[in-house]
Amino acid sequence: MRREPLVVVGAGPKAAALAAWAFAWRETRRTWSSLPELPPIHIYERHPVLASSWVGGGYGYSDGTSQELCTPSSRDVIAGANGPPRLPHPARAMFMSQLGRFSYASYCASHRIHPVRYPSHRQFADYVGDVLIECHRAGAVDVVGLLAVAGLPAAAAPQVQPHEVTDIEPMAGDLWHVTVGTDAPIAACGVVVTGPGDAAEPFARQRGSAAVDARYRDGKTYWRDPLPARIANVQQLLTTFADGSPHVVIVGAGGAAAAIALDLIQCFVRATDAAAQDDDEDAGNALAITFVAPQAGLFTRGESTWEDRTLTYDELWQKLSHELRQAAKAQLVTGVVYRRVLARLNRALASAALEVEPGKVVWVDDGLDVRTGLRPVTDPLRVIVERSSGAFLTLGARMIVNAAGFDARWFLGTGPRGVLKRPAPIVALMRHIDLGLA
Ligand SMILES: Cc1cc2nc3c(=O)[nH]c(=O)nc-3n(C[C@H](O)[C@H](O)[C@H](O)COP(=O)(O)OP(=O)(O)OC[C@H]3O[C@@H](n4cnc5c(N)ncnc54)[C@H](O)[C@@H]3O)c2cc1C
């Protein structure tokens, strides 16, 4: 048995799912000693909290409290698990019962938390952190640098010493060299990379412009401002200019775009409620949002029984060609909005003026006339949109939100944060992803 560890990059729900499986496997193996031993599993997290993408505090894709989980909490870190293939029935039954300890329902029961169907991101992060802490304590995985004590949901985010994986390199003999921070590389028998990556920026923007920098947000930075700051921001958007340009241009029409539009409108409602109480004249203005995306609208992701079965049962999944699997995966995450968010957005639209501009944003600047060096006082940002016909359109905006998606290939060596040196072509990598997602 190999003793080189399996390295997991990131302590989010995927790491928690893996940890729960490792725990259940170890417990099952106590009775069925003929089962192979797992390699040690080392989980590294670059931020000082577990489930950092969900917890808020400026680390991830949420402020933790304003967004709820879009999928029901019953789709937890063990959902859909049938147990390891080829395990004899009694062993599988034991495995599944051990795994059941890590369901969201079990977590709520053991911590006396009232289970909700759509917990906030922060509540979900507490659950994910709890799974990781339990599995670490039981010795099933090593969450490297873990400082937390379990059993304190909502009291304080589970803490961990940050360990950023900075380099992954394939070695001879199916091994990998993994570098954490500036330490010497360690040998690993496998690497699991997690997380959706940083915001992709499929357009150019003027660098070094204070106006652009101050009014530019993406799917991560938008949530760094706490709620009171976001409300104040919207208040400022409504009062700063009076030239008829949209208040906000949102690049993209997928999940991040819809979530941010919804939050902007909710902030607007709170801002205008406060203004109305102060008898402010601007209280009646609607928030004007323009989505720019190369598609016909905001589409919901498919959520059908057929689709769920295809994604859950390996034998059905294996019957699809590589291309059909790619198309099915794209419909899960790219350019699609969860039904629940879209329903809330539709209801909120009464308070907003919404426009859609088909096309791609290619350039954003502060509208400064470089020949004269002049900029009108009311000048908003300038957003250049390219239509599919090749024609260009200029939009004004007071704030621009890049919600064009995340860089799912972030770990490849080519990107700014790429850790996988000498990366295999992405198609070859995708083909080699096995049923266990390794
Ligand atoms: C705003 C938003 C809302 C979403 N809502 C839902 C939802 O409701 N339901 C759903 O099923 N899916 C949702 N998703 C999709 C979600 O990304 C996936 O569910 C994903 O599987 C989350 O699990 P993860 O562990 O892969 O990623 P994450 O939870 O993002 O965890 C990845 C971790 O890796 C760490 N990390 C990254 N790079 C390094 C490095 N080099 N070294 C060490 N650590 C590193 C990060 O800090 C992070 O903690 C949402 C995504 C976003 C962006």
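Hi everyone, let me begin with contacts. If we take contacts in this protein between residues at least 6 apart in sequence, 71% of them join residues at least 24 apart. Please keep in mind that this is a predicted model.

Now the overall make-up. The protein has 438 residues, and 37% of them are buried. Its secondary structure comes to 13 helices and 16 strands.

Let's turn to one sheet. In what order do the strands of the open sheet come? There are 4 strands, and the order is S3-S2-S1-S7, with parallel pairing. Strand S3, residues 142–143, and strand S7, residues 190–193, stand at the edges; each has a single partner strand, so one side of each is left without a neighbour in the sheet. Strand S2 covers residues 41–44, and 2 bridges join S2 to S3, the two running parallel. If you want a spot to look for on your screen, find Ile43, which stands opposite Val143 in S3. Helix H1 packs on this sheet, touching S2, S7 and strand S1, which is residues 6–9. The direction of H1 makes about 160° with that of S2.

Next, the nonpolar cores. The largest one has 56 residues, and the members that touch the most others are Ala19, Ala20, Ala22, Val128, Val131 and Leu132. Which helix gives the most to this core? That is H1, with 11 residues. Let's zoom in on Val131. Leaving aside neighbours within four places in sequence, Val131 is in contact with Ala16, Ala19, Ala20, Val77 and Phe102. Apart from the largest core lies another core, this one of 49 residues, including Ile250, Phe268, Ile289 and Val341.

Finally, the ligand. How many residues surround the ligand? The number is 27, and the closest are Gly10, Gly12, Ser53, Cys70 and Gly195. By type, the shell around the ligand divides into 14 nonpolar, 9 polar and 4 charged residues. Three helices each supply at least two residues of that shell: H1, spanning 13–31, H2, spanning 52–55, and H8, spanning 255–277. The largest share, 3 residues, comes from H1.

So if you remember one element from today, let it be H1. Helix H1 packs on the sheet, gives the most residues to the largest nonpolar core, and supplies the largest share of the shell around the ligand. Thanks for listening, everyone!

Technical notes
Residues are numbered from 1 along each chain as its sequence is written. This is a predicted model: local features need pLDDT of at least 70, side-chain atom pairs count only at pLDDT 80 or more; totals for chains, interfaces and linings use all residues. A residue is near a molecule or strand if its C-beta atom, placed from the backbone, lies within 6 Å of it. Ala, Val, Leu, Ile, Met, Phe, Trp, Tyr, Cys and Pro count as nonpolar, Asp, Glu, Lys and Arg as charged, and the others, Gly among them, as polar. Two strands pair if DSSP finds at least two bridges between them. Two residues are in contact if their C-beta atoms, placed from the backbone, lie within 7 Å. Axes are lines fitted to C-alpha atoms, for helices over the stretch in contact, and angles run from 0 to 180 degrees between N-to-C directions. A residue is buried if 20 or more other C-beta atoms lie within 10 Å of its own, exposed if 12 or fewer, and partly exposed in between; C-beta atoms are placed from the backbone. A nonpolar core is a set of buried Ala, Val, Leu, Ile, Met, Phe, Trp, Tyr and Cys residues joined through C-beta atoms within 7 Å.
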